[in-house]
Amino acid sequence: MQKKLLLSAKVLYLTLHAVIMLFPLYWIIITSLKPQKQIFSFPLHYWPETLTLANYKKLFEFSNFGVYIFNSLLVSIGAAACVILISILSGYVLARFKFRGHKHIMFGFFLTQMLPGIGALIVLYKMMSSMHLTNHLSSLVLIYTVGSIPFSTIMLRGFFQRIPSSLEEAAMIDGCSRITALFRVIIPVMLPGIAATFIFAFVNNWNELIMAVMFIDSESSQTLPVAMNGFVMKFDIDWGAMSAGTVMSVIPTIIVFAIAQRFIVEGLTQGAEKG
(Lines give C-alpha, C1' and ligand atoms only; values in the text may rest on other atoms or scores of the structure.)
Protein backbone atom coordinates (compact mmCIF):
# COMPACT_ATOMS: atom_id res chain seq x y z
CA MET A 1 0.00 0.00 0.00
CA GLN A 2 2.78 2.36 0.93
CA LYS A 3 4.65 1.58 -2.32
CA LYS A 4 1.49 2.29 -4.35
CA LEU A 5 1.04 5.64 -2.61
CA LEU A 6 4.68 6.51 -3.24
CA LEU A 7 4.35 5.53 -6.92
CA SER A 8 1.14 7.58 -7.27
CA ALA A 9 2.86 10.58 -5.67
CA LYS A 10 5.77 10.27 -8.12
CA VAL A 11 3.44 10.01 -11.11
CA LEU A 12 1.45 13.02 -9.90
CA TYR A 13 4.63 15.04 -9.35
CA LEU A 14 6.05 14.16 -12.79
CA THR A 15 2.71 14.93 -14.45
CA LEU A 16 2.50 18.36 -12.80
CA HIS A 17 6.13 19.03 -13.66
CA ALA A 18 5.51 18.10 -17.32
CA VAL A 19 2.42 20.33 -17.49
CA ILE A 20 4.29 23.28 -15.98
CA MET A 21 7.23 22.81 -18.36
CA LEU A 22 5.15 22.28 -21.52
CA PHE A 23 2.43 24.88 -20.95
CA PRO A 24 4.55 27.88 -22.10
CA LEU A 25 5.36 26.05 -25.35
CA TYR A 26 1.68 25.15 -25.80
CA TRP A 27 0.65 28.76 -25.18
CA ILE A 28 3.14 30.09 -27.74
CA ILE A 29 1.89 27.62 -30.36
CA ILE A 30 -1.82 28.43 -29.90
CA THR A 31 -1.05 32.16 -29.78
CA SER A 32 0.67 31.85 -33.14
CA LEU A 33 -2.52 30.23 -34.50
CA LYS A 34 -4.97 32.79 -33.07
CA PRO A 35 -6.45 35.73 -34.99
CA GLN A 36 -5.19 39.06 -33.70
CA LYS A 37 -8.47 39.86 -31.89
CA GLN A 38 -8.46 36.62 -29.91
CA ILE A 39 -4.92 37.18 -28.65
CA PHE A 40 -6.10 40.12 -26.53
CA SER A 41 -9.62 38.86 -25.78
CA PHE A 42 -10.87 38.48 -22.21
CA PRO A 43 -11.53 35.99 -20.75
CA LEU A 44 -8.58 34.09 -22.14
CA HIS A 45 -9.13 31.47 -24.81
CA TYR A 46 -7.07 28.40 -23.97
CA TRP A 47 -8.00 27.01 -27.37
CA PRO A 48 -8.61 29.36 -30.31
CA GLU A 49 -12.16 29.53 -31.65
CA THR A 50 -10.74 29.65 -35.17
CA LEU A 51 -7.30 28.53 -36.31
CA THR A 52 -5.39 30.71 -38.75
CA LEU A 53 -1.94 30.78 -40.34
CA ALA A 54 -2.12 34.55 -40.84
CA ASN A 55 0.69 35.17 -38.36
CA TYR A 56 3.02 32.78 -40.21
CA LYS A 57 2.03 34.34 -43.53
CA LYS A 58 2.75 37.78 -42.14
CA LEU A 59 6.08 36.55 -40.87
CA PHE A 60 7.35 35.66 -44.33
CA GLU A 61 5.51 38.32 -46.35
CA PHE A 62 6.60 41.39 -44.41
CA SER A 63 10.09 40.32 -43.33
CA ASN A 64 13.09 38.38 -44.64
CA PHE A 65 12.42 35.61 -42.15
CA GLY A 66 13.86 32.91 -44.39
CA VAL A 67 17.09 34.91 -44.62
CA TYR A 68 17.24 35.27 -40.83
CA ILE A 69 16.87 31.51 -40.38
CA PHE A 70 19.60 30.86 -42.96
CA ASN A 71 21.94 33.36 -41.27
CA SER A 72 21.37 31.76 -37.86
CA LEU A 73 21.96 28.27 -39.25
CA LEU A 74 25.12 29.41 -41.04
CA VAL A 75 26.54 31.11 -37.95
CA SER A 76 25.48 28.42 -35.45
CA ILE A 77 26.65 25.41 -37.46
CA GLY A 78 29.84 27.13 -38.63
CA ALA A 79 30.85 28.23 -35.13
CA ALA A 80 29.91 24.86 -33.58
CA ALA A 81 31.99 23.01 -36.21
CA CYS A 82 35.01 25.24 -35.50
CA VAL A 83 34.53 24.74 -31.77
CA ILE A 84 34.46 20.95 -32.13
CA LEU A 85 37.60 20.86 -34.28
CA ILE A 86 39.60 23.06 -31.90
CA SER A 87 38.21 21.56 -28.69
CA ILE A 88 38.96 18.00 -29.82
CA LEU A 89 42.64 18.90 -30.16
CA SER A 90 42.86 21.00 -26.98
CA GLY A 91 40.83 18.48 -24.96
CA TYR A 92 43.04 15.63 -26.14
CA VAL A 93 46.24 17.47 -25.21
CA LEU A 94 44.93 18.38 -21.75
CA ALA A 95 43.73 14.81 -21.15
CA ARG A 96 46.84 12.95 -22.35
CA PHE A 97 49.78 15.22 -21.52
CA LYS A 98 51.04 16.81 -18.31
CA PHE A 99 53.15 19.93 -18.81
CA ARG A 100 54.06 23.13 -17.03
CA GLY A 101 51.01 25.37 -16.76
CA HIS A 102 48.55 22.50 -17.31
CA LYS A 103 46.58 23.31 -14.16
CA HIS A 104 46.68 27.04 -14.87
CA ILE A 105 45.13 26.50 -18.30
CA MET A 106 42.33 24.43 -16.79
CA PHE A 107 41.78 27.07 -14.11
CA GLY A 108 41.62 29.74 -16.82
CA PHE A 109 39.01 27.75 -18.74
CA PHE A 110 36.88 27.36 -15.62
CA LEU A 111 37.32 31.03 -14.78
CA THR A 112 35.93 32.12 -18.16
CA GLN A 113 32.66 30.39 -17.29
CA MET A 114 32.22 32.68 -14.27
CA LEU A 115 32.73 35.93 -16.18
CA PRO A 116 29.92 37.53 -18.20
CA GLY A 117 30.72 37.75 -21.90
CA ILE A 118 29.28 41.27 -22.08
CA GLY A 119 32.28 42.45 -20.04
CA ALA A 120 34.49 41.94 -23.09
CA LEU A 121 32.10 43.72 -25.46
CA ILE A 122 34.13 46.92 -25.87
CA VAL A 123 37.38 45.06 -26.48
CA LEU A 124 35.70 42.69 -28.95
CA TYR A 125 34.12 45.59 -30.83
CA LYS A 126 37.49 47.35 -31.17
CA MET A 127 39.10 44.13 -32.40
CA MET A 128 36.37 43.45 -34.94
CA SER A 129 36.46 47.07 -36.13
CA SER A 130 40.24 46.94 -36.63
CA MET A 131 39.82 43.77 -38.72
CA HIS A 132 36.85 45.31 -40.63
CA LEU A 133 34.58 42.45 -39.59
CA THR A 134 31.74 44.44 -38.05
CA ASN A 135 28.37 43.99 -39.75
CA HIS A 136 29.56 40.65 -41.15
CA LEU A 137 28.50 37.16 -40.11
CA SER A 138 32.12 36.04 -39.86
CA SER A 139 32.50 38.26 -36.77
CA LEU A 140 29.76 36.28 -35.01
CA VAL A 141 31.31 32.96 -36.05
CA LEU A 142 34.66 34.08 -34.62
CA ILE A 143 33.17 35.42 -31.36
CA TYR A 144 30.91 32.40 -30.80
CA THR A 145 33.81 30.04 -31.49
CA VAL A 146 36.11 31.74 -28.99
CA GLY A 147 33.33 31.95 -26.39
CA SER A 148 32.43 28.24 -26.61
CA ILE A 149 35.92 26.73 -26.74
CA PRO A 150 36.70 26.74 -22.96
CA PHE A 151 33.60 24.83 -21.82
CA SER A 152 33.68 22.53 -24.86
CA THR A 153 37.33 21.72 -24.16
CA ILE A 154 36.47 20.89 -20.55
CA MET A 155 33.67 18.58 -21.72
CA LEU A 156 35.77 16.76 -24.30
CA ARG A 157 38.73 16.46 -21.93
CA GLY A 158 36.45 14.54 -19.56
CA PHE A 159 35.43 12.17 -22.37
CA PHE A 160 39.06 11.64 -23.45
CA GLN A 161 40.05 10.77 -19.89
CA ARG A 162 37.52 7.92 -19.90
CA ILE A 163 39.05 6.31 -23.00
CA PRO A 164 42.10 4.08 -22.26
CA SER A 165 45.30 5.50 -23.71
CA SER A 166 46.20 1.94 -24.71
CA LEU A 167 43.91 2.34 -27.76
CA GLU A 168 46.04 4.95 -29.51
CA GLU A 169 49.25 3.31 -28.22
CA ALA A 170 48.25 0.10 -30.00
CA ALA A 171 47.50 2.08 -33.17
CA MET A 172 50.88 3.82 -32.94
CA ILE A 173 52.62 0.46 -32.59
CA ASP A 174 50.89 -0.57 -35.83
CA GLY A 175 52.40 2.43 -37.58
CA CYS A 176 49.90 5.27 -37.04
CA SER A 177 51.07 8.68 -35.99
CA ARG A 178 49.50 10.16 -32.89
CA ILE A 179 47.24 12.48 -34.90
CA THR A 180 46.19 9.59 -37.19
CA ALA A 181 45.43 7.43 -34.16
CA LEU A 182 43.38 10.26 -32.71
CA PHE A 183 41.17 10.67 -35.78
CA ARG A 184 40.95 7.01 -36.81
CA VAL A 185 40.72 5.25 -33.44
CA ILE A 186 39.75 7.63 -30.64
CA ILE A 187 37.26 9.97 -32.33
CA PRO A 188 34.96 7.14 -33.57
CA VAL A 189 34.70 5.99 -29.94
CA MET A 190 34.13 9.60 -28.89
CA LEU A 191 31.22 10.32 -31.27
CA PRO A 192 28.52 10.44 -28.54
CA GLY A 193 30.55 12.94 -26.52
CA ILE A 194 31.34 15.01 -29.60
CA ALA A 195 27.63 15.08 -30.52
CA ALA A 196 26.67 16.27 -27.01
CA THR A 197 29.31 19.01 -27.17
CA PHE A 198 28.22 20.06 -30.67
CA ILE A 199 24.60 20.39 -29.53
CA PHE A 200 25.68 22.51 -26.57
CA ALA A 201 27.63 24.88 -28.83
CA PHE A 202 24.90 24.97 -31.50
CA VAL A 203 22.07 25.85 -29.08
CA ASN A 204 24.14 28.54 -27.36
CA ASN A 205 25.00 30.14 -30.71
CA TRP A 206 21.43 29.82 -32.01
CA ASN A 207 19.94 31.69 -29.04
CA GLU A 208 22.61 34.39 -28.59
CA LEU A 209 21.30 37.96 -28.92
CA ILE A 210 23.59 40.60 -27.37
CA MET A 211 26.64 40.05 -29.60
CA ALA A 212 24.45 39.72 -32.68
CA VAL A 213 22.74 43.05 -31.92
CA MET A 214 26.05 44.84 -31.34
CA PHE A 215 27.97 43.55 -34.36
CA ILE A 216 25.27 43.28 -37.05
CA ASP A 217 23.52 46.36 -38.45
CA SER A 218 22.24 45.47 -41.91
CA GLU A 219 18.92 43.65 -42.16
CA SER A 220 20.26 41.14 -44.68
CA SER A 221 22.83 39.90 -42.15
CA GLN A 222 20.59 39.71 -39.10
CA THR A 223 20.24 36.45 -37.22
CA LEU A 224 16.97 35.08 -35.88
CA PRO A 225 17.22 36.42 -32.28
CA VAL A 226 17.86 39.94 -33.63
CA ALA A 227 14.88 39.68 -35.98
CA MET A 228 12.68 38.42 -33.13
CA ASN A 229 13.77 41.39 -31.03
CA GLY A 230 12.45 43.64 -33.81
CA PHE A 231 8.87 42.59 -33.01
CA VAL A 232 9.16 44.53 -29.73
CA MET A 233 8.20 48.05 -30.81
CA LYS A 234 8.18 51.27 -28.84
CA PHE A 235 4.48 51.23 -27.93
CA ASP A 236 3.38 47.75 -28.92
CA ILE A 237 4.45 44.11 -29.30
CA ASP A 238 3.27 42.02 -32.23
CA TRP A 239 2.51 38.93 -30.15
CA GLY A 240 1.05 36.95 -33.03
CA ALA A 241 4.06 37.32 -35.32
CA MET A 242 6.47 36.94 -32.41
CA SER A 243 4.81 33.68 -31.34
CA ALA A 244 4.92 32.39 -34.91
CA GLY A 245 8.59 33.35 -35.12
CA THR A 246 9.30 31.62 -31.82
CA VAL A 247 7.70 28.40 -33.07
CA MET A 248 9.77 28.60 -36.26
CA SER A 249 12.95 29.24 -34.27
CA VAL A 250 12.36 26.20 -32.06
CA ILE A 251 11.89 23.79 -34.98
CA PRO A 252 15.61 23.59 -36.03
CA THR A 253 16.74 22.82 -32.47
CA ILE A 254 14.06 20.13 -32.16
CA ILE A 255 15.24 18.59 -35.45
CA VAL A 256 18.88 18.64 -34.30
CA PHE A 257 17.98 17.04 -30.96
CA ALA A 258 15.80 14.42 -32.69
CA ILE A 259 18.59 13.44 -35.09
CA ALA A 260 21.32 13.34 -32.44
CA GLN A 261 19.21 12.10 -29.51
CA ARG A 262 20.88 8.70 -29.29
CA PHE A 263 24.37 10.21 -29.39
CA ILE A 264 23.46 12.86 -26.81
CA VAL A 265 22.15 10.29 -24.31
CA GLU A 266 25.20 8.07 -24.82
CA GLY A 267 27.53 11.05 -24.52
CA LEU A 268 26.00 12.33 -21.30
CA THR A 269 26.05 8.78 -19.91
CA GLN A 270 29.71 8.46 -20.80
CA GLY A 271 30.43 11.75 -19.11
CA ALA A 272 28.73 10.60 -15.93
CA GLU A 273 30.72 7.35 -15.68
CA LYS A 274 33.73 7.16 -13.45
CA GLY A 275 37.01 6.47 -15.10
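## The largest pocket

Let's start where a probe would find the most room. Helix α7 gives the most to the lining of the largest pocket, with 7 residues. This is a predicted model, and the volume of that pocket comes to about 660 Å³. Two or more lining residues come from each of these elements: α7 (137-161), α9 (178-207) and α10 (210-215).

In total, 21 residues line the largest pocket. If you want to place its centre in your viewer, look for G117, I143, G147, S148 and M211, which lie nearest to it. Sorted by class, the lining holds 13 nonpolar residues, 7 polar ones and 1 charged one.

## The second largest pocket

There is another pocket to look at. The second largest one offers about 190 Å³ of space, and its lining is made up of 11 residues. Nearest the centre of this second pocket are F62, S63, A227, G230 and F231.

What is the class make-up of the lining of the second largest pocket? Here you will find 6 nonpolar, 2 polar and 3 charged residues.

## The overall fold

Stepping back to the whole chain, the secondary structure comes to 12 helices and 0 strands. Read from the N terminus on, the order of elements is accordingly α-α-α-α-α-α-α-α-α-α-α-α. Taken along the principal axes, the C-alpha atoms of the chain fill a box of roughly 70 × 70 × 30 Å.

## Where α7 meets α9

Both α7 and α9 give residues to the lining of the largest pocket, and these helices also touch each other. Their axes come within 10 Å and cross at roughly 135 degrees. That angle makes α7 oblique to α9. The crossing, in which α7 passes α9, is right-handed.

On the α7 side, the contact is made by Y144, S148, F151, S152, M155, L156, F159 and F160. Facing them from α9 are L182, I186, M190, G193, I194, A196, T197, F200 and N205. By class, the contact of α7 with α9 has 12 nonpolar and 5 polar residues, with no charged ones. One residue to keep an eye on is S148: it belongs to this contact, and S148 is also among the residues nearest the centre of the largest pocket.

## Where α4 meets α9

Helix α9 has another partner in α4 (residues 65-96), and the axes of these two helices come within 8 Å. How are α4 and α9 set relative to each other? They cross at roughly 140 degrees, and that makes α4 oblique to α9.

The crossing of α4 past α9 is right-handed. The residues of this contact divide into 20 nonpolar, 4 polar and 1 charged.

## Where α5 meets α7

Helix α7 has a further neighbour in α5 (residues 102-112), with the axes of the two helices coming within 8 Å. They cross at roughly 125 degrees, and α5 and α7 are therefore oblique to each other. Which hand does this crossing have, left or right? As α5 passes α7, the crossing is left-handed.

The residues that α5 brings to the contact are H102, M106, F109, F110 and T112. They meet P150, T153, I154 and R157 in α7. By class, the residues of the α5 and α7 contact divide into 5 nonpolar, 3 polar and 1 charged.

Notes
Residues are numbered from 1 along each chain as its sequence is written. This is a predicted model: local features need pLDDT of at least 70, side-chain atom pairs count only at pLDDT 80 or more; totals for chains, interfaces and linings use all residues. Side-chain values use heavy atoms; hydrogens and water are left out. On a 1 Å grid over the protein atoms alone, a cavity is a set of points where a 1.4 Å probe fits but cannot get out, and a pocket is an open set with protein on both sides within 12 Å along at least five of seven lines; lining residues have an atom within 4 Å of a point. Grid points are joined across faces, edges and corners, and a volume is the space filled by probe spheres set on the points. Helices (H or I, at least four residues) and strands (E, at least two) are DSSP runs, numbered from the N terminus. Ala, Val, Leu, Ile, Met, Phe, Trp, Tyr, Cys and Pro count as nonpolar, Asp, Glu, Lys and Arg as charged, and the others, Gly among them, as polar. Axes are lines fitted to C-alpha atoms, for helices over the stretch in contact, and angles run from 0 to 180 degrees between N-to-C directions. Angles under 35 degrees count as roughly parallel, over 145 as roughly antiparallel, 65 to 115 as roughly perpendicular and the rest as oblique. A crossing is left-handed if the near helix is turned anticlockwise from the far one by less than a right angle, and right-handed if clockwise. Contact means heavy atoms within 4.5 Å.
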